[in-house]
Amino acid sequence: MKIPRYLVTGGIILLAVALALAVGYWNIRPASFTPQVIQDPLQPDFFMDNARIRQLNEQGQPVYDLVSVRAAHQVGDDVTELDDPKLLYYREGEQQPWDVQARYGEVSAGGDRVDLSQNVVIEQQLAGQPVRRLSTPALSIFPDRHFAETDRSVRIEAANGVTTATGMEANFNDGAIKLLSNVRGEHDAL
């Protein structure tokens with residue numbers, strides 16, 4: 001018995017359509033229509049506006065208060081960027097903290113280093129004395145060590161004069177400031 005030609009052609013077309021639908025479904029699954037989430041390393045994975053952070057020591061006393069207009073954590077390099085950070089760093093046993101401000105800051109992974117830049121200003125109020133003001137283009141702070149340093153120019157304004165230098169090391173606990181090189185000063189005689 002011979003199969004009519006129209007049935008053979010119809011069967012081939014039906015098989016081709018079924019095969020095309022199977023291949024199409026295999027290549028275009030409904031799951032492929034859901035968007036893929038790709039983390040851009042230049043985009044933050046979280047941010048905070050008007051961030052406020054307080055670090056306490058073992059006795060529950062404040063070590064520092066950090067306020068920033070915006071804080072954004074960058075997933076690519078695990079750094080938190082700070083806009084207009086203001087840091088009050090409390091000295092052990094003293095009521096008056098060091099007041100540190102800058103236009104920009106970065107907190108390293110783990111928080112063991114804070115790099116400040118663009119108009120960094122440190123003001124220190126000592127008991128019974130006028131405010132001492134330090135300014136520098138960049139400053140690195142190591143909170144765990146209560147230490148700050150810079151290799152850039154430094155200007156110190158005190159009640160009786162102005163001192164400039166290149167490079168500085170500062171100990172937040174005892175208030176000691178070490179100027180590293182090119183130290184120049186203009187002071188009024190008392």
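These are my notebook entries on what I looked up in this structure, which is a predicted model.

**Entry 1: the whole chain**

I began with the elements of the protein chain and found one helix and eleven strands. Reading from the N terminus on, I wrote down the order α-β-β-β-β-β-β-β-β-β-β-β. I then looked up burial, and of the 190 residues of the protein chain 27% count as buried. For the surface I noted an accessible area of about 13000 Å², of which 55% belongs to carbon and sulfur atoms. Turning to contacts between residues at least 6 apart in sequence, I noted that 33% of them join residues at least 24 apart.

**Entry 2: strands S5 to S8**

I next followed the pairing around strand S7, which covers residues 114–124. Strand S5 (residues 98–101) is joined to S7 by four bridges, and the two run antiparallel; in this pairing I found Trp98 opposite Gln124. Strand S6 (residues 104–107) also pairs with S7 in the antiparallel sense, over four bridges, and here Glu106 stands opposite Asp115. S6 and S7 form a hairpin with six residues between them, and in the turn I noted Gly110, which has a positive phi of about 90°. S7 pairs as well with strand S8 (residues 132–142), antiparallel and over nine bridges, with Ser117 opposite Ala138 in S8.

**Entry 3: strands S9 to S11**

I moved on to strand S9 (residues 147–158), which ten bridges join to strand S10 (residues 161–171) in an antiparallel arrangement. S9 and S10 make a hairpin with two residues between them, and I found Val154 of this pairing opposite Ala165 in S10. S10 in turn pairs with strand S11 (residues 177–187) over eight bridges, again in the antiparallel sense, and Gly161 stands opposite His187 in S11. These two strands, S10 and S11, also form a hairpin, with five residues between them, and Gly175 in its turn has a positive phi of about 80°.

**Entry 4: Thr150**

I asked myself whether Thr150 in S9 is buried or exposed. Thr150 has a relative accessible area of 7%, so I entered the residue as buried, the limit being under 20%. Its side chain has a polar atom 2.6 Å from the backbone oxygen of Ala138, and a polar atom of the same side chain lies 3.1 Å from the backbone nitrogen of Arg152. Leaving aside neighbours within four places in sequence, I listed the residues in contact with Thr150, among them Thr136, Leu139, Gly167, Met168 and Leu180.

**Entry 5: aromatic rings and charges**

I counted four aromatic pairs, taking ring centres within 6.5 Å as the rule. One that I looked at is Phe142 with Phe147, whose ring centres are 6.3 Å apart and whose planes stand at 35°, so I wrote the pair down as tilted. Phe142 counts as buried because its relative accessibility is 11%, and Phe147 is buried too, with 16%. I also found the charged end of Arg145 over the ring of Phe142, at 4.7 Å from the centre of that ring. Elsewhere, Arg70 lies over the face of Phe47, 4.2 Å from the ring centre. Last, I noted that Tyr64, Tyr89, Trp98 and Phe172 form one aromatic cluster.

How values were computed:
Residues numbered from 1 in each chain as written. Predicted model: local features only at pLDDT ≥ 70, side-chain atom pairs only at ≥ 80, totals over all residues. Heavy atoms only, no water. Phe/Tyr/Trp six-rings, centres within 6.5 Å; stacked < 30°, edge-to-face > 60°. Buried < 20%, exposed > 50% of the residue type's maximum accessible area, 1.4 Å probe, protein only. Lys NZ or Arg CZ within 6 Å of the ring centre and 35° of its normal. Contact = heavy atoms within 4.5 Å. Areas by Shrake-Rupley, 256 points an atom, 1.4 Å probe, with all protein chains shown as cover. Polar contact = N/O pair within 3.5 Å; in protein donor to acceptor, adjacent residues only side chain to side chain. Pairing = 2+ DSSP bridges.
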